[in-house]
Amino acid sequence: MHDFDPQRLLSRLRFKHLQLLLALRQGGSLRAAAGLMHLTQPALSKALGEIEAAFGVPLFVRHARGLEPTAQGEIALRGAAMLLAELTHLGQEAAQRSAITLLRIGTPPFVAQGYLPGVLARMARQQPHIRVQLKEERVPLLVQCLLDGQLDALITSYPTELPEAAGQPLRYEKLFDTGFAVIAPLDHPAGRARGNRWEDLARQPWILPAPSSMLRRMMEEVFRREGVMAPTPVIESTSPFTNLQLVRAGLGLSAVPESTLQASPRALGVRRLHVTPAISTGPVALIYRSAVANPRVQLLRDTLGLTPEEPQPP
């Protein structure tokens with residue numbers, strides 16, 4: 001293994017090189033990437049040689065069909081995407097007329113509409129110089145945006161499967177546990193029962209989130225624990241608020257976070273079912289890249305009342 005010289009990388013690598021790396025990933029070949037960058041193929045080939053010389057290792061394997069990243073190349077590509085996203089973010093902050101800090105938070109809809117308003121209200125009082133960009137999406141996509149440098153942090157349920165995070169370990173700080181409720185249309189017979197068995201509910205039509213979601217996994221676990229095969233949903237929908245409306249329309253049963261039912265369930269046009277055993281609670285956490293010292297994340301941690309971070313081991 002060669003000795004890494006950070007000074008060589010800093011003195012030789014340019015932001016243009018990072019753009020070239022991403023063009024090579026997108027195009028898959030020197031010819032396609034040259035077209036994307038409006039360069040000649042020999043010029044791009046020379047630039048790639050400069051990039052690999054700066055890193056000191058091959059980043060791509062050349063073959064007849066084009067280019068394939070090596071393991072080191074995958075790390076360099078992910079880092080290039082993150083650095084370019086951070087540069088764009090820096091430009092957005094600097095372009096503001098008054099000095100601000102732009103904090104980018106990713107969260108699923110049930111956290112955004114239930115827990116987050118209180119957090120942002122505290123932040124507005126305590127740190128008025130902060131502006132927030134909020135991205136509401138499915139958790140796997142949010143994690144990918146975090147790894148790519150498009151988000152500073154997530155406040156979210158734990159994803160069941162993490163994307164590959166080469167060179168970018170993630171840190172989880174648990175904030176609270178969220179509960180879940182099974183809901184049915186107002187006129188559903190199960191709503192009149194003092195207790196419902198999962199065996200009986202399994203025969204009903206269900207509206208469930210995607211298989212990668214924490215709630216879907218927990219639902220499958222509770223059915224399995226009761227010795228029942230989990231139902232195949234008649235509708236698969238990510239948003240708990242959409243699912244509430246689908247249940248209200250009489251399309252099936254569903255399970256939603258408790259925060260979705262802040263108003264009376266009856267006022268929302270649904271009925272909460274009594275089920276035994278209840279669905280387990282699930283953790284919601286602050287998630288961020290632990291290998292990157294991000295002062296914007298610390299501002300968010302301060303608002304959340306989290307203890308100061310311990311120094312990371314070298």
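A cavity, in the sense used here, is a set of grid points where a 1.4 Å probe fits but cannot get out. The structure above is a predicted model, and in it there is 1 cavity of 30 Å³ or more; the largest cavity has a volume of about 270 Å³. Rolling a probe the size of a water molecule over the atoms shows where empty space is left. In this protein the lining of the largest cavity is made by 21 residues, and those lying nearest its centre are F110, P209, S213, L215 and T238. Several elements take part in this lining, since α6 (109–114), α8 (139–147), α10, α11 and β11 each contribute at least two residues, while the largest share, 3 residues, comes from β11.

To place these elements, it helps to step back to the whole chain. The protein has 12 helices and 14 strands, and of its 314 residues 46% are buried. Among the contacts with a separation of 6 or more, 71% are between residues 24 or more positions apart. The protein exposes about 16,400 Å², of which carbon and sulfur atoms supply 54%.

The strand β11 that helps to line the cavity also belongs to an open sheet of 5 strands, arranged in the order β10-β9-β11-β7-β12 with mixed pairing. Because β10 (235–236) and β12 (270–272) stand at the edges and each have a single partner strand, one side of each is left without a neighbour in the sheet. Helix α10 (residues 214–225) packs on this sheet, where it touches β7, β9 (206–208), β10 and β11, and its direction makes about 135° with that of β9. Helix α11 (residues 240–248) lies across β7, β9, β10, β11 and β12, and it runs at about 150° to β11.

Within this sheet, strand β7 deserves a closer look. Strands of a sheet pair through backbone hydrogen bonds, either parallel or antiparallel. Strand β7 (residues 180–185) pairs with strand β11 (residues 253–257) in the antiparallel sense over 4 bridges, and F180 stands opposite P257 in β11. The pairing of β7 with β12 is also antiparallel and runs over 3 bridges, with R272 in β12 as the bridge partner of I183. Strand β7 is mostly covered, as 6 of its 6 residues are buried.

A further strand to follow is β3. In strand β3 (residues 101–107), 7 of the 7 residues are buried, so the strand is largely enclosed by the rest of the structure. In a regular strand the side chains alternate between the two faces of the sheet. In β3, T101, L103, I105 and T107 point one way and L102, R104 and G106 point the other way, and all are buried. Strand β3 pairs with strand β4 (residues 130–136) in the parallel sense over 7 bridges, and the bridge partner of T101 in β4 is I130. Strand β3 also runs parallel to strand β5 (residues 153–157), to which 2 bridges join it, and there G106 stands opposite L154.

Finally, a loop residue can be set beside these buried strands. G56 sits in the loop between α4 (41–55) and β1 (60–63), and because its relative accessibility is 33%, G56 counts as partly exposed. Although G56 and L9 are 47 residues apart in sequence, their C-alpha atoms are 8.6 Å apart in space.

How values were computed
Residues are numbered from 1 along each chain as its sequence is written. This is a predicted model: local features need pLDDT of at least 70, side-chain atom pairs count only at pLDDT 80 or more; totals for chains, interfaces and linings use all residues. Side-chain values use heavy atoms; hydrogens and water are left out. Two strands pair if DSSP finds at least two bridges between them. Contact means heavy atoms within 4.5 Å. Axes are lines fitted to C-alpha atoms, for helices over the stretch in contact, and angles run from 0 to 180 degrees between N-to-C directions. Buried means under 20% relative accessible area, exposed over 50%, partly exposed in between (1.4 Å probe, protein chains only). Accessible areas come from the Shrake-Rupley method with a 1.4 Å probe; for residues, only the protein chains shown count as cover. On a 1 Å grid over the protein atoms alone, a cavity is a set of points where a 1.4 Å probe fits but cannot get out, and a pocket is an open set with protein on both sides within 12 Å along at least five of seven lines; lining residues have an atom within 4 Å of a point. Grid points are joined across faces, edges and corners, and a volume is the space filled by probe spheres set on the points.
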